[in-house]
Amino acid sequence: MDAFECIKTKLDVREFSAEDVPVEIRSKVLEAARLSGTGLNTQHWRFILVDNKQNLKTLAEDSTSGSWVRGANFAIIVLTNAEYSFHLIDAGRVAQNMQLAAWNHKVGSGLFTGIREEKIRSDFEIPNELSPTIIVGFGYPARKLTGKRKDRMPLEKLV
Ligand SMILES: Cc1cc2nc3c(=O)[nH]c(=O)nc-3n(C[C@H](O)[C@H](O)[C@H](O)COP(=O)(O)O)c2cc1C
């Protein structure tokens, strides 16, 4: 898909079908993460791939705003090193790259940032020096996105 078309048509998805995402597409999503740029090329992020039903349920319980992740085919916990002042920017860039790489293959995704930090740390054995910053859930959309539109302000209000 053309890059602009991919950006234009991608919507956050929170309801997923039961169809498995092929492992090659999942690898592309992870590769898109790896290829993302970070401040000073520090590459401080690390990723936890969550792809079994029980762990997805645990992840949903570790969230305050992403219980929908329970229905995802897989999810990626983005860990960043908060000692870098730009770590949240790095997390956002990597999340967007993964989402667009997935959407290029018609795989939908949503993200959440409402995280019960202590619980997720112990459930997923997150190292102390890294912070769970964003979680992105992936899967084929439960229904067609046709008809759904982006609700965005016009450019003349923004520029
Ligand atoms: C920084 C950030 C934090 C977000 N946190 C959450 C969240 O905690 N839970 C959730 O379901 N969606 C979350 N979202 C998704 C937004 O709600 C979504 O991007 C926005 O509603 C636009 O969706 P659309 O592209 O489908 O129109 C977050 C998005 C961003 C960029």
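A residue counts as near the ligand here if one of its heavy atoms lies within 4 Å of it. Keep in mind that this is a predicted model.

With that cut-off, let's start at the ligand. Its surroundings are made up of Leu-11, Asp-12, Arg-14, Ser-65, Trp-68, Leu-111, Phe-112, Thr-113, Gly-114 and Arg-152. Sort that shell by class and you get four nonpolar, three polar and three charged residues.

Now for the polar contacts. Ser-65 brings a polar side-chain atom to 2.6 Å from an oxygen atom of the ligand. Arg-14 also uses its side chain, with an N or O atom 2.8 Å from a ligand oxygen. Leu-111 works through its backbone instead: an N or O atom there sits 3.0 Å from a nitrogen atom of the ligand. As for cover, the ligand taken alone exposes 630 Å², and the protein buries 58% of that.

Next up is the sheet. Four strands form an open sheet in the order 1-2-4-3, and the pairing is antiparallel. Strand 1 (46–50) and strand 3 (108–112) are the edges, each pairing on one side only. On average, neighbouring strands of the sheet are turned by 20° against each other, ignoring direction.

Zoom in on one edge, and you'll find strand 1 joined to strand 2 (residues 74–80) by five bridges, the two running antiparallel. Across from Phe-47 stands Val-78 of strand 2.

Two helices pack on this sheet. Helix 3 (residues 53–61) touches strand 1, strand 2, strand 3 and strand 4 (131–139), and its direction makes about 50° with that of strand 2. Helix 4 (residues 87–103) likewise touches strand 1, strand 2, strand 3 and strand 4, while its direction makes about 10° with that of strand 4.

How values were computed
Residues are numbered from 1 along each chain as its sequence is written. This is a predicted model: local features need pLDDT of at least 70, side-chain atom pairs count only at pLDDT 80 or more; totals for chains, interfaces and linings use all residues. Side-chain values use heavy atoms; hydrogens and water are left out. A polar contact is a pair of N or O atoms within 3.5 Å; within protein, one must be able to donate a hydrogen and the other to accept it, and residues adjacent in sequence count only if both atoms are side-chain atoms. Accessible areas come from the Shrake-Rupley method with a 1.4 Å probe; for residues, only the protein chains shown count as cover. Ala, Val, Leu, Ile, Met, Phe, Trp, Tyr, Cys and Pro count as nonpolar, Asp, Glu, Lys and Arg as charged, and the others, Gly among them, as polar. Two strands pair if DSSP finds at least two bridges between them. Axes are lines fitted to C-alpha atoms, for helices over the stretch in contact, and angles run from 0 to 180 degrees between N-to-C directions. Contact means heavy atoms within 4.5 Å.
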